[in-house]
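Visitor: Hi, could you walk me through this protein? I'd like to know how each label is earned.
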Amino acid sequence: MASVLRLRKLYYVNPVKNSSMGIRTIDDAHKSEDKPNVVVAYVKKMLQKKQDKDRKKKRSKNINKGQSREWKCLDNCCWIIGYMCTFWWLMFFVYHYLPLTLPGFPAIDSPGAVLKRDGVSGLHPVVLVPGIVTGGLELWDGKPCAKGLFRKRLWGGSFTETLKRPLCWLEHLSLDNETGLDPPGIRIRPVEGLVAADYFTQGYFVWAVLIENLAKIGYDGKNLHMAAYDWRIAFQNTEVRDRALSRLKSKIEVMYETNGGNKVVVVPHSMGVLYFLHFMKWVEAPPPMGGGGGLGWCAKYIKAIMNIGSTFLGTPKAVSKILSAEDRHIALLRAMTPGFLKSEILGFQTLEHMLRVSRTWDSTASLLPKGGETIWGDLDWSPEDVQNCDLEKADTHSFRNENDSNDSEIKKGFQEKEAVHYGRMISFGKEAATRPSSELSTLYSEELMDSGSSNDSSFSCSDGWTEYDEMSRESLRKVSENKAYTAKTVFDLLRVVAPKMMQRMDSHFSHGIAEDLDDPKYAHYKYWSNPLETKLPDAPDMEIYCLYGVGIPTERSYIYDSSYDKCKSIPFRIDLSIDGEGSGCLRSGMYFVDGDDSVPVVSSGFMCAKGWRNKTRFNPSGSPTYVREYRHKAPASLLEGRGIESSAHVDIMGNAKLIEDILRVAAGATGAEIGGDRIYSDILTLSERINLKL
C-alpha cells in the first residue's frame, strides 16, 4: 500500500509548482480532503498555458496585419513603379529590336522617301524653333552639389545623373525669383544643334522624325538649323543674356546667302510659335530694343512660317499650372499614386517642388490666355457653347471650307443637357461653375489684392515653401468661396497667389487686345508675342500656316476644391470627383472642348481663320494664311509606337500628313498648291462667334 501511495504522489504532485504560483504544493494536497483536485488544478494550468499561447499568436498576427495596412500605400506605389519600369523596358526592346515591318505586313514608306521617289528635293533652307520644355539644357557652372555635371544635360536626355540628386537638380533648374535670370553661381544654357530637341529622352522623339524625312529630300547641316534657346526665360531675356535673337537673325541671313538666295521656311512648335512672333517684331525694330533689320527684313528672308500646335492665344492649361502645378494628366496621376504627389502621405512634396520651380519660369506666363472675355467668354457666354462635347460622335470624317461656316447642320446635337459655362475658366466648387452669374459673389481687383496682403499669423507659415504659405486661411477663403474667374479676372487671382511671378510677367508680356495698334506704347517688346496687340510684318508674300491637331478632348476650364489644412501644401486642387451629365463636357472636374490635348482649337486656329485672314488691322499687308488641321487617329497597336496619324500636341511631330505638307512647302510649293485650308473642326463657326474688331 505504501508503494502505491508513493506512485500516486510522484504521478500527481511532481509537475505541480510552488504555491506562490497559485497551485497547491504536495503538503497542501495531502492535507486536502479531495485529493483528485490536484489533477484538476494541473489540467487547468495546462489549458491556461495553451490559451495564453494562442492569444499571443493571435496578437502577433494582428500586429503584423496592422503593419501591412500601415505600409499598404507604399507597397502599392512600389508595385506601380515596378510595372511601369517593366512596361518601359518592354517597349524599349520592341522599339529598338523588332523589325520595322513584320512578316505578312506591307512596309510603310516615310513621306520623305515617297517624295524623293517622286523627284521632290529640298529648295528652301529650314529653321526649326522648339517649344517649351522640349529643348535640352546643360550645365556650365553650378553649386558644389552639381560636381561632375559640367556640360551634361540637366533637362532632356537620360536624366540618370540628375535624378540621383533631385534637390540639387531642382535648385539649378530654378531661376531667380526677382530677375527671372540665372541665380548667383549657376549657369544653365541651351544645348546647341539639331540634337538640342531631336529627342526629349531616349526613345521619345520630338523633332527627330521630321529631321529624318527632311534628310531624305536632301537636307543637312548647311540648310537645316535648330534655333535652340532657353525656354525657361522671357523672350526678350534670351537676347539680353544669350544674344539668341541676334544669332538667329545672323543664321537666317547666312542660310539665305549660302543657299542661292532662297528664302527660309521657319517651322516653330508650341510656345516656339510665340517666340518667333516676338522675333519678327524684334528683328525689324530699331536698336537698342530691337535687332535693327529694318522694315522689309521678313519679306526679304522668310518664305513661310509653318506653325505646328500653334498657341497664338494661349491655353487654359497654363492657368492651372500656375495655380496648382496640375493639368489633367498630373491630376489623374495624383489620384493614382498619391504617395508621390500628395505631401500629406509620404512627405515627398513633389507638386510643391514643381510649383516652386515652375513659377520662376517666365515662359509659362507667355502661354496664359490672350484676348480676355472677347476670345474666351465671360460668366455666361463663350464661343464653344455650340460645340459638340462628344468628339467621338462628332462629324470629323470630312473637312469643311469657309462656305460651311454658317451651315445650320454644324450646330445639330451641339447642346449639352446641363448648362456649360466654358467662360468660367476657374471655378471653386461645382455650384460656382453652374449656377447663374447673378448668384456668384464678386471680388474686384482692389479687393483681391487686399485679400492677398492680409496676414493672420495663426494660420500662415513662417517657413514658406510656396507663396501660398505666406497667405492666411482667411485670404484663401476670400478668393475662393463661391467664386468663378474668367480669362480676364483670372489674372487678378494669379496676382494674389503668385505675386512675384506675375510682377515679372507684367514687365515682359501682355494678354489684352489693342484698341489702336498705332499707339506708340505697342512698340515695347512686352506686346510683341501677342498677336492681338501687334501687327504682322509688311510681307505680302510671306505665307503663314496654322498646323494643329483636332479630335482630342482638351482642357478648357477647371473646377477646384479648396482644403487648406497645413503648411507646405497647395491649398487648391482640381476636384476629380466632379462629373457632369449628358455627353461628357465635364469629366473629373474639367470641362473639355476640341483640340490637340493641350491647346483648344480657338487658340490654335483663330488667327489664321479670321484674325489674319485677308487684310486686317493685325495683318495690314495681307500675308496669306492657311488652316491645316490633322484629325487624330490613335495607333491601332503598341507595335505602331506613337502612330503616324496622331495629332496630339507633341505626337503630331510624327504625323505623316503634317510632315508631307512641310516637305512640300520646303521644296517650293505654295499653300494653294498643297490644298489650301483643310478643316475638320468648328473653327470657322467659333471664329464667327467672336466679336473682334478687325
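Guide: Sure, we'll take the labels one at a time and hold each value against its cut-off.

Guide: This is a predicted model, where local features need pLDDT of at least 70, side-chain atom pairs count only at pLDDT 80 or more, and totals for chains, interfaces and linings use all residues. Residues are numbered from 1 along each chain as its sequence is written, and side-chain values use heavy atoms, with hydrogens and water left out.

Visitor: How many aromatic pairs are there?
Guide: The structure holds 26 of them. Rings of Phe, Tyr and Trp (its six-membered ring) pair if their centres lie within 6.5 Å; planes under 30 degrees apart are stacked, over 60 edge-to-face, and the rest tilted.

Visitor: Why is the pair of W231 and W361 called edge-to-face?
Guide: The ring centres are 5.2 Å apart, within 6.5 Å, and the planes stand at 90°, over 60, so edge-to-face is the label. This pair links distant parts of the chain, 130 residues apart: W231 is in the loop between β7 (224–226) and α8 (235–242), and W361 in the loop between α16 (350–358) and α17 (363–366). Those helices (H or I, at least four residues) and strands (E, at least two) are DSSP runs, numbered from the N terminus.

Visitor: What makes W231 count as buried?
Guide: Buried means under 20% relative accessible area, exposed over 50%, and partly exposed in between (1.4 Å probe, protein chains only). W231 has 1%, so W231 is buried. W361, at 10%, is buried too.

Visitor: Which rings are linked into a cluster?
Guide: Ring pairs join W155, F159, W169, F200, W231 and W361.

Visitor: What kind of aromatic pair do F312 and W612 form?
Guide: Edge-to-face, with 4.9 Å centre to centre and 80° between the planes. F312 is in the loop between β9 (302–308) and α12 (317–324) and W612 in the loop between α24 (601–611) and β17 (625–631), so the pair ties together parts 300 residues apart in sequence. F312 is buried at 2% relative accessible area, and W612 is buried at 2%.

Visitor: How do you know that the charged end of R642 sits over the ring of Y204?
Guide: The rule wants NZ of Lys or CZ of Arg within 6 Å of the ring centre and within 35 degrees of the ring normal. For Y204 the distance is 3.8 Å. R642 also lies over the face of F205, at 3.9 Å from the ring centre.

Visitor: Why are α8 and α9 called roughly perpendicular?
Guide: Their axes come within 6 Å and cross at roughly 85°. Angles under 35 degrees count as roughly parallel, over 145 as roughly antiparallel, 65 to 115 as roughly perpendicular and the rest as oblique, so roughly perpendicular is the label here. The axes are lines fitted to C-alpha atoms, for helices over the stretch in contact, with angles running from 0 to 180 degrees between N-to-C directions.

Visitor: What about R243, in the loop between α8 and α9?
Guide: Phi of R243 is near 55°, a positive value in a residue other than glycine. Its relative accessible area is 46%, so R243 is partly exposed.

Visitor: And what is A498 in contact with?
Guide: Contact means heavy atoms within 4.5 Å. Leaving aside neighbours within four places in sequence, A498 touches I322, R359 and E467. A498 is buried, at 0% relative accessible area, in the loop between α22 (490–497) and α23 (499–508).
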